[in-house]
Amino acid sequence: MQIEKYKIEEHNQSGIKDHQRRLDFISSEIESSERVIKMLVDFQVAIPSWALGTGGTRFGRFSGGGEPRSLEEKIEDIGLIHALNQSSGAISLHIPWDIPENASHIKALASQNGLKFDAMNSNTFQDQPGQEWSYKFGSMQHVNKSVRKQAVDHNIEVIKYGIELGSESLTVWLSDGSCFPGQLNFRNAFQHTLESLQEVYAALPEQWKMFVEYKAFEPNFYSMTVGDWGQSLLYANKLGHKAYTLVDLGHHLPNANIEQIVALLLMEGKLGGFHFNDSKYGDDDLTVGSIRPYQLFLIFNELVEGMDAKGMNHTTDLGWMIDASHNIKDPLEDLLQSVEAILISYAQALSVDRKKLAEAQNNNDVVMAQEILQNAFRHDLRPLVAEARMRAGGALNPVELFRNQNVREYLVKDRGAKTVSTGL
Ligand code: RM4
Ligand code: MN
Ligand code: MN
């Protein structure tokens, strides 16, 4: 399904008066509003191919209707999101859930939908039918060299798919670790993992990046072999200049100060990318900004400050991806909400008065520092986000238009009520 341009224009016309009033007000409040709008227009967040269906938990999965049945349909779904918000111009693929059988056809379809291929993701956390060696006791860390080799070969195959599609990065998330004390020799597990990653690294094309994603627990509950940013950074530093740490917001122990992690990784030139989501308890993979919007703002505050300190391009120098899962919401609506939350936090971070904040910090003026941050956070910048979206050709209110156009009903009719898309 496609949403015609005139439908978007009609929708925008119907809301333009209210929008303009809100925009005028916030523009009079925020000095840099025009600059913020321009930055928002450029900012793109990749959509994961595995988040277009309804995810489940170990207690079950309640599939929604009209889920994409193929990679082609997934691309169409992301095309829809992008048509509505103009900020989701990339797809991140998970192999083997989404193998591009015919790369040139897939590439053409993506570009018709205005999409590029963001990071490729490998999967050595599940056994696939017909696979020779099992990952029950890990993949790259495994005591058996044959298992490690199989994991390495899989990653190299993922790179090959990525090259065909024009992707330029590989995200390696390993579920490797142990469930019980004594199960693993930690040093051996680390060394094996490092050697395996080095073999994959050697197969990376020159301009590619490798993202080493960490996670504190799950599916292993005693130790994880890439369990935190310290371990990820160790691997990345040992691997070389193409290797970076990837921060997934849901992969920390409770109350971790993610904004500080981000600041230091950026300082070291080793922050590669982001997986956005939100969580209350663990790797909940909930809609971005649904639980802790202030934390998201504080993270963006560090990102903007740190990227500017290094003269980095906000849009292209880091990999921006969503990694979420939807148990009960319509995945497309959920993704629209996530992208919106990211843009709002980004806009708020852009509007922080950096000079005043630095002054307050230098004067140990703790009260003023908090005033400055919370002043930026408490401004309602949604009109700036909507304005950026409209200028780029998107809808003032994407969720509203999605509903008015009965997109889900159409997809159910087209694809069926009982479709199950690949993913977690
Ligand atoms: C993991 C991790 C990875 C994602 C898988 C599906 O928890 O976040 O990034 O690829 O889930
Ligand atoms: Mn992730
Ligand atoms: Mn995760």
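This passage describes the coordination of two manganese ions in a predicted model.

The manganese ion (ligand 2) is coordinated by E213 through OE, by D248 through OD, by H275 through ND1 and by D323 through OD, at 2.2 Å. The 6 donor atoms around the manganese ion (ligand 2) subtend angles of 72 to 167°, and the arrangement is therefore octahedral, given that six donors count as such if opposite donors are over 155 degrees apart and all others lie between 65 and 115. Because D248 belongs to strand β10 and H275 to strand β11, this pair ties together parts that are 27 residues apart in sequence. Along the chain, the donor residues of the manganese ion (ligand 2) follow the spacing E-x34-D-x26-H-x47-D. Both D248 and H275 are buried, that is, each has under 20% relative accessible area.

The manganese ion (ligand 3) is separated by 3.9 Å from the manganese ion (ligand 2). Coordination of the manganese ion (ligand 3) is provided by H251 through NE2 and by D283 through OD, at 2.2 to 2.3 Å. Of these two residues, H251 is located in the loop between β10 (243-248) and α8 (258-267), whereas D283 is located in the loop between β11 (271-276) and α9 (293-309), so the pair ties together parts that are 32 residues apart in sequence. H251 is buried, as is D283.

Methods. Residues are numbered from 1 along each chain as its sequence is written. Chains are lettered from A and ligands numbered from 1 in the order in which they are written. This is a predicted model: local features need pLDDT of at least 70, side-chain atom pairs count only at pLDDT 80 or more; totals for chains, interfaces and linings use all residues. Side-chain values use heavy atoms; hydrogens and water are left out. Donors are N, O and S atoms within 2.8 Å of the metal (3.2 Å for Na, K and Ca); water is not among the atoms, so sites may look incomplete. Helices (H or I, at least four residues) and strands (E, at least two) are DSSP runs, numbered from the N terminus. Buried means under 20% relative accessible area, exposed over 50%, partly exposed in between (1.4 Å probe, protein chains only). Four donors count as tetrahedral if all angles lie between 85 and 135 degrees; four count as square planar and six as octahedral if opposite donors are over 155 degrees apart and all others between 65 and 115; anything else is irregular.
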